[in-house]
Number of protein chains: 2
Amino acid sequence: MIAIEWLCDRLKIIDQSRLPHEEVYLELSGYQDIARAIRDMNIRGAPAIGVAAGYGTALGANAIKTTDMNQFQKELSEVIETLVSTRPTAVNLFRVAERMKKVAAFGKDVEEIKKALTDEAVKIHFEEEKATEKISHLGAELLNDGFGVLTHCNTGPLATAGHGTALGVIIYAHRQGKKLRVFVTETRPRCQGAKLTAWELKQAGVPFTLITDSMAGYFMKRGEIDCVIVGADRIAANGYTANKIGTYTLAVLANAHGIPFYVAAPTTTIDFSLISGYQIPIEERSPEEVTHIQGMRIAPEGTQAANPAFDITPSQYITAIITEKGIIKHPLGEGIGRVA
Amino acid sequence: MIAIEWLCDRLKIIDQSRLPHEEVYLELSGYQDIARAIRDMNIRGAPAIGVAAGYGTALGANAIKTTDMNQFQKELSEVIETLVSTRPTAVNLFRVAERMKKVAAFGKDVEEIKKALTDEAVKIHFEEEKATEKISHLGAELLNDGFGVLTHCNTGPLATAGHGTALGVIIYAHRQGKKLRVFVTETRPRCQGAKLTAWELKQAGVPFTLITDSMAGYFMKRGEIDCVIVGADRIAANGYTANKIGTYTLAVLANAHGIPFYVAAPTTTIDFSLISGYQIPIEERSPEEVTHIQGMRIAPEGTQAANPAFDITPSQYITAIITEKGIIKHPLGEGIGRVA
């Protein structure tokens, strides 16, 4: 399975919204198609949408007809703006946009910029792949043979266009021969745990137990969980971490049970410009994701539902952040400063 | 809507497994039908299944053909055994069985016992109705105008064959004119919150917001929750409470945020014979409830899932237990001793 494949004039992605029931690939040749795929969550996961936005910028740039530099820059800004406005929480989109803008600012003509943007997109993808590989290896050191490991949402190859972050750690530890008892939360409302993490662990041959989000406390209390490991959508300079809704609840539970709580994320997920995690914008998604499951109505007609897609976990609940530049321990703010 | 209606030769119940999509009533005339309805969760909720088991015993007894006392007692034992073995966690079933056995022990002939068993079943129902009414009134004192109240699972008229416990409190406070912001957890895996509590609150005209179980911590952290109120399936003599899976997680969260956590339950839910809550047997239900939602597969084929239906909340996380005999405060064990 390849989550994202660059085919020079188009981007091939696996449609995550149809997994695990169907393995359908989409070929996207316009930047609008990529923007739509990010918004509709055919592709998701903070590092993966960053990579997709990079390729989207390249495709958008290559489709611009003019050779006039001013006109080109104007149209390119629209491309980038469209891609960046798809989802608000993951910082990866914004970082990629900054990189692409910087590249675009230094070309001597349109053709050179187009080529440089494509090179940069490929480089971003390559770097994320390398970073997630490093994270997998570093993080696996924290998992002992026999550990019960709880993870939330989906943070594998699908989410990262690489080796995975939290799930990459688990898969790599398994490949090292460690016997783990992996607990996967289903991760309502979109069930990325039940659908995507379960699918990826099955592909990787890692045994696991699926649980509802509400069961985490039960298994912690029984002593079955030795650590929690999750990914991140944006990490502020103080270590406060935005991640899939439910992460904060797991962190409070882990803290109450004396269980280490790890965040695994490439440094591209860190937003050094935000002093506090509470400045991170939280995406509010459609209430239908809560009143319905897989398009089927659960709650009665007229039910009002809230659907914040992410929450913020304060740094005091985070034991360490596993990045490709090393494992950041407390005080997290200082450690983050060192990888800036 | 009437959750349970006694029609002398049969029991009429609303089929909770088809709510909120269809309002279908079932008429059950044999005790095996009632046992099946409890096991398959057409009827559920600790007080409601106690009431149903009472009527089931009466119907089972009335169908026994013999007039020989020994033979009658033997067949009655089978009836009671069948009803009691349907679900293991709620103590109400066992208490009802004890009451029925006691009644059966004191009749002078079969006809008299049959009549006494029917009278006892009606009495159990009446007592639960009265107890839940009292709980609603007492508990409503704890809810101030403007409160944000979080509840879990379903504890309304459907679950209690009366006024409801935790949900009865919320509905009664609403009728008192208090403006509440009610948060309802969907309560995976069976979604009793999304399906039944949402339906009952809609019927009662109480505005509410449906959230996934994973969102509770988020809304607590934002200061939107002033108290949590849940029901119970069994309360041990030390106050430790078995309730729907996810209750313990909510209690830990409430504790971490300094939010009062109330259990509302009739004293019939208290198991005075258990010194510790960890002695309460936890029902493990089919993994398909987790891998599927409303019969539709979510997780990939071959996914292993855990499905403990209940968890235990230690008394230190419980601010008070609201019973029909008064509000039990700390130390809970002593208070429970007083209502024994």
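Q: Which residues are exposed on the other side of helix 3 of chain A?
A: Asn70(A) and Lys74(A) are exposed there. Exposed means over 50% relative accessible area, buried under 20%, and partly exposed in between (1.4 Å probe, protein chains only). The helix itself is a DSSP run (H or I, at least four residues; strands are E runs of at least two), numbered from the N terminus. This is a predicted model, in which local features need pLDDT of at least 70 and side-chain atom pairs count only at pLDDT 80 or more, while totals for chains, interfaces and linings use all residues; side-chain values use heavy atoms, with hydrogens and water left out. Residues are numbered from 1 along each chain as its sequence is written, and chains are lettered from A and ligands numbered from 1 in the order in which they are written.

Q: Why are the buried residues of helix 3 of chain A said to line one face of the helix?
A: The buried residues are Phe72(A), Leu76(A), Val79(A), Ile80(A), Leu83(A) and Val84(A). Viewed down the axis, they fall within an arc of 125°, so they line one face. The arc is that of the directions from the helix axis to the C-beta atoms.

Q: What do the buried residues of helix 3 of chain A pack against?
A: They pack against helix 1 (31–39), helix 2 (46–62), helix 4 (92–105) and helix 5 (110–140) of chain A. Contact here means heavy atoms within 4.5 Å.

Q: How do you know that the span of helix 3 of chain A agrees with its number of residues?
A: The expected span is 1.5 Å times one less than the number of residues. For the 16 residues of this helix (residues 69–84) that gives 22 Å, and the end C-alpha atoms are 22 Å apart, so the two agree.

Q: What caps the N-terminal end of helix 3 of chain A?
A: Asp68(A) does, with a side-chain oxygen 3.3 Å from the backbone nitrogen of Asn70(A). The limit for a polar contact is a pair of N or O atoms within 3.5 Å; within protein, one must be able to donate a hydrogen and the other to accept it, and residues adjacent in sequence count only if both atoms are side-chain atoms.

Q: What makes the buried residues of helix 4 of chain B lie on the same side?
A: Asn92(B), Leu93(B), Val96(B), Ala97(B), Met100(B), Val103(B) and Ala104(B) are buried. They cover an arc of only 135° around the axis, and therefore share one side of the helix. The face turned away from that side carries the exposed residues Lys102(B) and Ala105(B). The buried residues are covered by elements including helix 1 (31–39), helix 2 (46–62), helix 3 (69–84) and helix 5 (110–140) of chain B.

Q: Why is Cys191(A) not bonded to the closest cysteine sulfur?
A: A disulfide is a pair of cysteine sulfur atoms within 2.5 Å. The closest sulfur to that of Cys191(A) belongs to Cys191(B) and is 9.1 Å away, which means it is too far for a bond. By this rule the count over all chains is 0 disulfides. Cys227(A) is likewise in no disulfide, its nearest cysteine sulfur, that of Cys153(A), being 17 Å away.

Q: Why is Cys227(A) called buried?
A: Its relative accessible area is 0%, so Cys227(A) counts as buried. Cys191(A), at 2%, counts as buried too.

Q: What is noted about phi of Cys153(A)?
A: Phi is positive, about 60°, although Cys153(A) is not a glycine. Cys153(A) sits in the loop between strand 4 (148–151) and helix 6 (157–160) of chain A, and is buried at a relative accessible area of 6%.

Q: Is Gln294(B) buried, exposed or partly exposed, and why?
A: Gln294(B) has a relative accessible area of 31%, so it is partly exposed. Its phi is near 50°, a positive value in a residue other than glycine, and its place is the loop between strand 12 (292–293) and strand 13 (296–297) of chain B.

Q: Why are strand 11 and strand 14 of chain B called edge strands?
A: They belong to an open sheet of 4 strands in the order 11-8-9-14 (chain B), with mixed pairing. Strand 11 (270–271) and strand 14 (310–313) each pair on one side only. Two strands pair if DSSP finds at least two bridges between them; strand 9 (residues 241–244) and strand 14 of chain B run antiparallel and are joined by 4 bridges.
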